[in-house]
Amino acid sequence: MDNDVSAGSTTTIVGRLALGVTLLAFGLGYTDLIDGVTAADAVSLAHYVGGVALFVAGLLAFRDRDPATGTAFTGLGALWFTWAVSAGGQVSDNAAGLFLLLFALVVLSLTLAGGDLLGQGTYGLFFVSLLLLAIGRFADNAELAKAGGWFAVAAGAVAWYAATAALAHWPTALPRRAAGRGVTATG
């Protein structure tokens, strides 16, 4: 029986946990779900966990000759580090929107690069999040930012699940139907 359970590399697990926690904190800050918690409250976590730890995990992936994971984690580490150190700075909404849009393109590249289903799901949801946040900044629309926050929360949950599934040996793929079984035509 093949459940597509993979232990995953330690680097990938640590990187996914760092990304998941950062996305959850960042996204929840935009959703207004928790009273008094904003995206700005995620700055320290984004700086050290999303920025530094994720970047180091990317460097370790490169050392392990895993260029896809190395590229993803160093690129995302740079995103979080830059976002954290520039948070609170006086930039225009258009400049902030452009920053988010440019990194949305990076995350789109990660999504289209392939890989496992949970990784692509994480990056795909994160792409939508960044795109909505960018458009929200360009249009000064808080509702789009809130929607972007929810997509970040979903991306964080998928990243967290992927790391936890690798550690706990849970299934990481949907079961496939056997050939010849399934929908039959009636006429």
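How many helices and how many strands does the protein have? Colour the model by secondary structure and count along: there are six helices and zero strands. Keep in mind as you go that this is a predicted model. Reading along the sequence, you get the pattern α-α-α-α-α-α.

Before zooming in, take in the whole chain. It has 187 residues, and 37% of them count as buried. Now think about contacts between residues at least 6 apart in sequence: 70% of these join residues at least 24 apart.

**Stop 1: helix H2**

Select residues 43–63, which make up helix H2. Try the distance tool on the C-alpha atoms at its two ends, and compare with what you'd expect. At 1.5 Å a residue, the 21 residues of H2 should span 30 Å, and the ends are 28 Å apart, so the two agree.

Which residues of H2 are buried? Show these as sticks: Val43, Ala46, His47, Gly50, Gly51, Leu54, Ala57, Gly58 and Ala61. To see what covers them, switch on the neighbouring helices; H1 and H3 are included in that cover. Then step just past the end of H2 to Arg65, which takes a positive phi of about 60°.

**Stop 2: a cluster of rings**

Next, select Phe26, Tyr30, Trp80, Trp83 and Phe126, and show their side chains. Ring pairs link these five into a cluster. Across the model, the count comes to seven aromatic pairs.

Start with Phe26 and Tyr30. Their ring centres are 5.1 Å apart and their planes sit at 70°; planes over 60 degrees apart count as edge-to-face, so this pair is edge-to-face. Both residues lie in helix H1, four residues apart, which is about one turn of the helix. Both are buried, too.

Now move over to Trp80 and Trp83. This aromatic pair is also edge-to-face, with 6.0 Å from centre to centre and 90° between the planes. Trp80 and Trp83 are three residues apart in helix H3, so about one helical turn separates them. Are these two buried or exposed? Both Trp80 and Trp83 are buried.

**Stop 3: the largest pocket**

Time to look at empty space. Rolling a probe the size of a water molecule over the atoms shows where such space is left.

Select Thr12, Arg16, Thr69, Asp116 and Gly119. Of the 29 residues that line the largest pocket, these lie nearest its centre. The elements giving two or more residues to this lining are helix H1 (10–31), helix H3 (67–86), helix H4 (93–112), H5 and helix H6 (142–168). The largest pocket has a volume of about 510 Å³.

Which helix gives the most to the lining of this pocket? Colour H5 to see it: this helix contributes six residues. Sorted by class, the lining has 14 nonpolar, 12 polar and three charged residues.

**Stop 4: the second largest pocket**

Keep Trp83 selected from the ring cluster and add Ser86, Ala87, Ala96 and Arg137. Of the 16 residues lining the second largest pocket, these five lie nearest its centre. H3 and H4 are the elements that give two or more residues to this lining. The largest share, four residues, comes from H4.

This second largest pocket holds about 400 Å³ of space. Its lining residues divide into 10 nonpolar, five polar and one charged.

**Stop 5: Thr122**

Go back to H5, residues 117–139, and pick out Thr122. Why does Thr122 count as buried? Its relative accessibility is 4%, and buried means under 20%, so Thr122 falls on the buried side.

Now show what surrounds this residue. Leaving aside neighbours within four places in sequence, Thr122 is in contact with Leu19, Leu23, Ala155, Val158 and Ala159.

**Stop 6: Ala165**

For the last stop, select Ala165 in helix H6. Its relative accessibility is 0%, so Ala165 counts as buried. Leaving aside neighbours within four places in sequence, Ala165 is in contact with Trp170, Pro171 and Thr172.

Finally, add Ile13 to the selection and draw a line between the two C-alpha atoms. Ala165 and Ile13 are 152 residues apart along the chain, yet 9.3 Å separates their C-alpha atoms.

Note on methods: Residues numbered from 1 in each chain as written. Predicted model: local features only at pLDDT ≥ 70, side-chain atom pairs only at ≥ 80, totals over all residues. Heavy atoms only, no water. Buried < 20%, exposed > 50% of the residue type's maximum accessible area, 1.4 Å probe, protein only. Contact = heavy atoms within 4.5 Å. 1 Å grid on protein atoms, 1.4 Å probe; cavity = no way out; pocket = protein on both sides within 12 Å on 5 of 7 lines; lining within 4 Å. Points joined across faces, edges and corners; volume = space filled by probe spheres on them. Nonpolar A, V, L, I, M, F, W, Y, C, P; charged D, E, K, R; others polar. Phe/Tyr/Trp six-rings, centres within 6.5 Å; stacked < 30°, edge-to-face > 60°. Expected span 1.5 Å × (residues − 1).
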